Amino acid sequence: QLSLKTENRRMKRRHKILKEKYYLNVFNGIFLALGLMLLTFGLWLLSDRNNLFGVLFSSGENQLVAYISCTLLGIGSVITFTSAMGILGIVKEIKCLLVTYMSFQILVFVTQLAILMLILMKKEEVHNQWNNRIDEVISEYGNESLAEQEPVWNILNTVQHNMECCGRYNVTQWEGNKNKENSQIPCSCTKSSLKKWFCDVPRNSTYSMGCEEYLNTWFENNVLILTSITISLLITQMFLITLIGQLFRNTKKNNVWPNE
């Protein structure tokens, strides 16, 4: 009878272990999906030539996007590798893999927490750099000696034309551009379909509103996406670390490590 009770306890623990493995796999799947999102975000920043943020910061001495992209790619890759290791360790109940998996989880958790703090601390600084860079692009716009900047100017034209806005804060900002003649303004600040940098048009036929609201919304949305992914990863990892700890306790009590 004592043996039967012991066996029942073992069966209950085994049932609990199976339940924990199920939830571990669910949260590990979420963790993997979020890691792939970070990986995709990093690749998008690095490779998309129509990405406003990437094009603005890809030239000259400012390699901000390259640093952000490499960090996201690195963390995304580690998360993907860790998740694959976790799936194998959880399904096969391989103790050494689960120990390594938990160690990686703690390491990635600390790194993610540091990144979240960095995003919150540096957001305003990056935003100021963002605005300064846009002002710099407007002042250089149309300079024939800076042909390598044309992709940036084309994106600015697209923003101005599609959003029916002109300059960062308003149309008067273009008065500081030295590459135009007299009172010319960018053709993209009007309804003109001419494929050239500047047009001679009356001031009252131009878009008077600045593009700052649209540009700031674009910036804030991307920061919000990155912050949301980071916070979701942290929450998921807290569940994963807790569940792995419970799995270790129950398997130790039940003495079931089929693959040590």
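Which residues does Gln 160 touch, not counting residues up to four places away in sequence? I shall begin with that residue and then widen the view to the whole chain. Please keep in mind throughout that this is a predicted model.

Gln 160 sits in helix H5, which runs over residues 150-163. Setting aside residues up to four places away in sequence, Gln 160 touches Cys 165, Cys 166, Gly 167, Trp 174, Pro 186, Ser 188, Cys 189, Tyr 207 and Cys 211. Is Gln 160 buried or exposed? With a relative accessible area of 0%, Gln 160 is under the 20% cut-off, and therefore it counts as buried.

Let us remain in helix H5 for a second residue, Leu 156. Its relative accessibility is 9%, so Leu 156 is also classed as buried. When neighbours within four places in sequence are left aside, its contacts are Val 137, Ile 138, Tyr 141 and Trp 174. Trp 174 is thus on the contact list of Leu 156 and on that of Gln 160. For one of these partners, Ile 138, we also have a distance: the C-alpha atoms of Leu 156 and Ile 138 lie 8.5 Å apart, with their positions 18 residues apart in sequence.

I turn now to helix H4, which covers residues 95-140 and contains Ile 134. Here, too, the residue is buried, because its relative accessible area is 5%. Ile 134 and Glu 212 are separated by 78 residues in sequence, while their C-alpha atoms are 9.7 Å apart in space.

After helix H5 comes a loop leading to strand E1, at 185-186, and Glu 164 belongs to that loop. What is the phi of Glu 164? The value is near 50 degrees, which is positive in a residue other than glycine. Glu 164 is partly exposed, because its relative accessible area of 42% falls between the 20% and 50% limits.

Next, a word on pockets. The second largest pocket has a volume of about 250 Å³. Its lining comprises Tyr 141, Asn 154, Asn 157, His 161, Cys 187, Ser 188, Ser 192, Ser 193, Leu 194, Lys 195, Lys 196 and Trp 197. Sorted by class, 4 of the lining residues are nonpolar, 6 are polar and 2 are charged. Two names will be familiar: Tyr 141 lines this pocket and is in contact with Leu 156, and Ser 188 lines the pocket and touches Gln 160.

We may now consider the chain as a whole. The protein chain has 6 helices and 2 strands, and along the sequence they follow the pattern α-α-α-α-α-β-β-α. Of its 260 residues, 43% are buried. The chain exposes about 14,400 Å², of which carbon and sulfur atoms supply 60%. Among contacts between residues at least 6 apart in sequence, 74% join residues at least 24 apart.

Finally, I come to the database record. The unreviewed UniProt entry carries the annotation "transmembrane region" for residues 21-46, 66-91, 98-121 and 223-244. How much helix does the model show over residues 98-121? That span is 100% helix and 0% strand, and its end C-alpha atoms are 34 Å apart. Residues 223-244 are likewise 100% helix and 0% strand, with 31 Å between the end C-alpha atoms.

That concludes the presentation. Thank you for your attention.

Notes. Residues are numbered from 1 along each chain as its sequence is written. This is a predicted model: local features need pLDDT of at least 70, side-chain atom pairs count only at pLDDT 80 or more; totals for chains, interfaces and linings use all residues. Side-chain values use heavy atoms; hydrogens and water are left out. On a 1 Å grid over the protein atoms alone, a cavity is a set of points where a 1.4 Å probe fits but cannot get out, and a pocket is an open set with protein on both sides within 12 Å along at least five of seven lines; lining residues have an atom within 4 Å of a point. Grid points are joined across faces, edges and corners, and a volume is the space filled by probe spheres set on the points. Ala, Val, Leu, Ile, Met, Phe, Trp, Tyr, Cys and Pro count as nonpolar, Asp, Glu, Lys and Arg as charged, and the others, Gly among them, as polar. UniProt positions are given in the numbering used here, feature names are shortened, and annotations may be inferred rather than shown by experiment. Helices (H or I, at least four residues) and strands (E, at least two) are DSSP runs, numbered from the N terminus. Buried means under 20% relative accessible area, exposed over 50%, partly exposed in between (1.4 Å probe, protein chains only). Contact means heavy atoms within 4.5 Å. Accessible areas come from the Shrake-Rupley method with a 1.4 Å probe; for residues, only the protein chains shown count as cover.
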